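Biologist: I'm new to this one, so could you take me through a single part of it up close? I'd like to see how two neighbouring helices sit against each other.

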Number of protein chains: 4
Amino acid sequence: MSTLAELSIFPLDKGESLSPYVAKVIKVIQASGLAYELTPMGTCLEGEFTQVMQTVQDCFHVLEPECKRIYLSLKIDYRQNRTNGLKQKVESVTNKL
Amino acid sequence: MSTLAELSIFPLDKGESLSPYVAKVIKVIQASGLAYELTPMGTCLEGEFTQVMQTVQDCFHVLEPECKRIYLSLKIDYRQNRTNGLKQKVESVTNKL
Amino acid sequence: MSTLAELSIFPLDKGESLSPYVAKVIKVIQASGLAYELTPMGTCLEGEFTQVMQTVQDCFHVLEPECKRIYLSLKIDYRQNRTNGLKQKVESVTNKL
Amino acid sequence: MSTLAELSIFPLDKGESLSPYVAKVIKVIQASGLAYELTPMGTCLEGEFTQVMQTVQDCFHVLEPECKRIYLSLKIDYRQNRTNGLKQKVESVTNKL
């Protein structure tokens, strides 16, 4: 569970309304079984590095058949032996405010 | 309110524990009066473009005096006439699941 | 000169051909007088933090009048007292290969 | 060859001098056989999506044994049927200046 990721992925050839495509991606993430959290600018995932990267690829492949151009932005924060990072990272900051 | 942003900013010369620095940044964001949301991989802000960029600069300046190296990652999604994007973007996707 | 940045900015409401908009942005960067380098995935800038942020804002404002939705991605690597980072960072890695 | 990527990956637990770690990553990219280009803020790669993602994972695994915390930032621009994107994207903009 030591990998936290944030993924944004969307088509560039479908105009400005992107939520139908984002919804397809979220369904892939839900099917992966990984812990996740929707945020206003992307979706956070948590798992082992290899699982997270597999899920990112599955998200791409769900859009690929219908999109001519796709933009993907991924940030990963790996920390050895971290558990429950989705909650713990925010709490760790909140406790210091 | 048409600008949504996600900001991550942290020192690279202070070792692997970053939450004390993130907390300083969040206090700057709180003082800005902008709507914001803490997420596991960054902080989302909402406001007019110029306000958001001013706040990003204020966040940098609070870390600058004590850090030799700083990494900043900013994503912006500007959409004309959008209001309440922090909530509305997530809802727009959730409604399609 | 201690701030290196990489900027990607493009409209989301204009279809998949983005180079006309990227060219407008590059002209703003050229007019700024900052050192810059075009790369396949963005444009690298170097200058003082405040100058870089002012130029990023100028780039946004050149697109804003004609775009309903704009995506901006910015990474900054600030390092105290660095000079000539655009060249020196790549050389520093190349020397170790 | 329709996938262009930009990868930045570095440890967060090793202090502010990162070029030794970046050099290890570049050696992995060189060994992959993919077209690549070093830039001041990351390394651009070009290939098929699956190859690019495999190489990104190989880069992570070369750092993982010696790092307690790793930050990775990846941007991907996929465009159907594009060839030679590393050169063509920059040329396409330069021609419009």
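**Two helices in chain C**

Modeller: Sure, let's look at helix H1 (residues 19–32) of chain C and helix H2 (residues 49–63) of chain C, which pack at an angle of about 140 degrees with their axes 9 Å apart. Because angles over 145 degrees would count as roughly antiparallel, that makes H1(C) oblique to H2(C). Keep in mind that this is a predicted model. As for handedness, H1(C) and H2(C) make a right-handed crossing.

Now for the residues themselves. On the H1(C) side you'll find C:Tyr21, C:Lys24, C:Val25, C:Val28, C:Ile29 and C:Ser32, and they meet C:Thr55, C:Asp58, C:Cys59, C:Val62 and C:Leu63 of H2(C). Sorted by class, the contact of H1(C) with H2(C) comes to 7 nonpolar, 2 polar and 2 charged residues.

To set this in its surroundings, here is how the chains touch. Chain A and chain C each put 7 residues into their contact. On chain A's side of that contact there are 1 nonpolar, 2 polar and 4 charged residues.

Then there's chain B, with 26 residues in contact with 26 residues of chain A. The elements of chain B giving two or more residues to that side include strand S1 (3–11), helix H1 (19–32) and helix H3 (85–94). H3(B) gives the most, with 7 residues. By class, the side of chain B that touches chain A splits into 13 nonpolar, 6 polar and 7 charged residues.

Note on methods. Residues are numbered from 1 along each chain as its sequence is written. Chains are lettered from A and ligands numbered from 1 in the order in which they are written. This is a predicted model: local features need pLDDT of at least 70, side-chain atom pairs count only at pLDDT 80 or more; totals for chains, interfaces and linings use all residues. Two residues are in contact if their C-beta atoms, placed from the backbone, lie within 7 Å. Helices (H or I, at least four residues) and strands (E, at least two) are DSSP runs, numbered from the N terminus. Ala, Val, Leu, Ile, Met, Phe, Trp, Tyr, Cys and Pro count as nonpolar, Asp, Glu, Lys and Arg as charged, and the others, Gly among them, as polar. Axes are lines fitted to C-alpha atoms, for helices over the stretch in contact, and angles run from 0 to 180 degrees between N-to-C directions. Angles under 35 degrees count as roughly parallel, over 145 as roughly antiparallel, 65 to 115 as roughly perpendicular and the rest as oblique. A crossing is left-handed if the near helix is turned anticlockwise from the far one by less than a right angle, and right-handed if clockwise.
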